[in-house]
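Student: Can you walk me through this protein and explain the words people use for it?
Tutor: Sure, let's take a look and argue from the numbers.

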Amino acid sequence: MTRTPELQARRDRGDLWTAIIVGAVVAIGITAVAVRAIVEMFSVPGSLTATIPVDPQTFPLSVGAGIAGTVTSAQVSVPGVSPVATACFVIAVVLSSGGLIVATALGSLVCLRMLRGAVFSRQNTRALFAISMLLLFAPLAGSFFRNMGLNGLFATLGGEYDGQWGALSVLFPWFLAAIAVGVLVIVFRRGEHLQRETEGLV
């Protein structure tokens, strides 16, 4: 069955409203996770609680009848961590989570503008560019400050943290997302240019 323009417009509006609602839910979820992460850091009075990477070690796990498992990370509560390292852990959560929340808000703003009929506009192109940059740099900045915090935590324990490059591997999905949004920026910029040319012919 051929879709009428009215039916297609109604479905498009429904999709845009769905994206806005999902964006709001995602923003709330990210905020809740960030708050919980910061609260857990200070769950033990006088200590900083964090999950750290460790060399692979085999331990008996209390699962069912018991089974041996290899542990590559552990949650520790370390007293006497320097204020600078503690602040780095907090900043890491704020930057990574805050950047994603702002990116989600910008995405919802683009959807609202599209609902009003403004698709290929300079504002939408700039918003998408900002989203691409946030997806690229917010997780990267968060990882940088977390590594700084881990350096301070390991120094407190008398060890040395050397997992900086391994921590970057978890950022690859965000880099791919930034590239995908970057492609949208090119599409919207081209659409904006064509729209101006068309308006000039009228």
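Tutor: Keep in mind that this is a predicted model. The protein chain has 5 helices and 2 strands, and from the N terminus the order is α-β-β-α-α-α-α.

Student: What makes the protein chain more spread out than a compact globule?
Tutor: Compare two values: the radius of gyration is 23 Å, while the globule rule gives 17 Å for 202 residues, so the chain is well over the rule and counts as more spread out. You can put a box around the C-alpha atoms too: along the principal axes they fill roughly 75 × 40 × 30 Å.

Student: How much of the protein chain is buried?
Tutor: Buried residues make up 28% of the 202 residues. As for the surface, the chain exposes about 12,700 Å², and carbon and sulfur atoms supply 69% of that.

Student: Which share of the contacts with a separation of 6 or more comes from residues 24 or more positions apart?
Tutor: That share is 72%.

Student: How far apart are the mean positions of the positive and negative charges?
Tutor: They're 11 Å apart, counting 13 positive and 10 negative charges.

Student: Let's try single residues. Why is serine 47 called buried?
Tutor: Buried means under 20% relative accessible area. Serine 47 comes out at 14%, so it counts as buried. You'll find serine 47 in strand E1, which covers residues 47–61. Leaving aside neighbours within four places in sequence, serine 47 is in contact with Met41, Phe42, Ser77, Val78 and Pro79.

Student: Alanine 50 is in strand E1 as well. How do you know whether alanine 50 is buried or exposed?
Tutor: Use the cut-off again: its relative accessible area is 6%, which is under 20%, so alanine 50 is buried. Beyond four places in sequence, alanine 50 touches Ala74, Gln75, Val76, Phe89 and Leu153.

Student: What does phenylalanine 89 touch?
Tutor: Not counting residues up to four places away in sequence, phenylalanine 89 touches Met41, Leu48, Ala50, Phe145, Arg146, Gly149, Leu150 and Leu153.

Student: Which residues touch the most other members of the largest nonpolar core?
Tutor: Leu48, Phe89, Leu150, Leu153 and Phe154 do, out of 14 residues in that core. Two or more residues each come from helix H1 (5–41), E1, helix H2 (83–115) and helix H3 (122–156). Apart from this core lies another one of 11 residues, among them Leu100, Ile131, Ala178 and Phe188.

Student: Now for the other end of the scale. Why is isoleucine 67 called exposed?
Tutor: Exposed means over 50%. Isoleucine 67 has 52% relative accessibility, so it passes that cut-off and counts as exposed. Isoleucine 67 lies in strand E2, residues 67–79. Its contacts, once residues up to four places away in sequence are set aside, are Phe59, Pro60 and Leu61.

Student: And how do you know whether isoleucine 21 is buried or exposed?
Tutor: Its relative accessible area is 53%, which is over 50%, so isoleucine 21 is exposed. Isoleucine 21 sits in helix H1. Take glycine 149 as a partner: isoleucine 21 is 128 residues from it in sequence and 35 Å from it in space, C-alpha to C-alpha.

Student: Then why is valine 119 called partly exposed?
Tutor: Partly exposed is the range between the two cut-offs, 20% and 50%. Valine 119 has 30% relative accessibility, so it falls in that range. Valine 119 is in the loop between H2 and H3.

Student: What does valine 119 touch?
Tutor: Beyond residues up to four places away in sequence, valine 119 touches Met114, Asn124 and Phe188.

Student: How far is valine 119 from glutamate 160, C-alpha to C-alpha?
Tutor: These two are separated by 52 Å, with their positions 41 residues apart along the chain. Alanine 50 and valine 119 are 69 residues apart in sequence, and their C-alpha atoms are 44 Å apart.

Key:
Residues numbered from 1 in each chain as written. Predicted model: local features only at pLDDT ≥ 70, side-chain atom pairs only at ≥ 80, totals over all residues. Heavy atoms only, no water. Helix = DSSP H or I, 4+ residues; strand = E, 2+ residues; numbered from the N terminus. Rg over C-alpha atoms; globule rule 2.2 N^0.38 Å. Buried < 20%, exposed > 50% of the residue type's maximum accessible area, 1.4 Å probe, protein only. Contact = heavy atoms within 4.5 Å. Areas by Shrake-Rupley, 256 points an atom, 1.4 Å probe, with all protein chains shown as cover. Lys, Arg positive; Asp, Glu negative; His and termini not counted. Charge placed at Lys NZ, Arg CZ, Asp CG, Glu CD. Core = buried A, V, L, I, M, F, W, Y, C linked by side-chain atoms within 4.5 Å.
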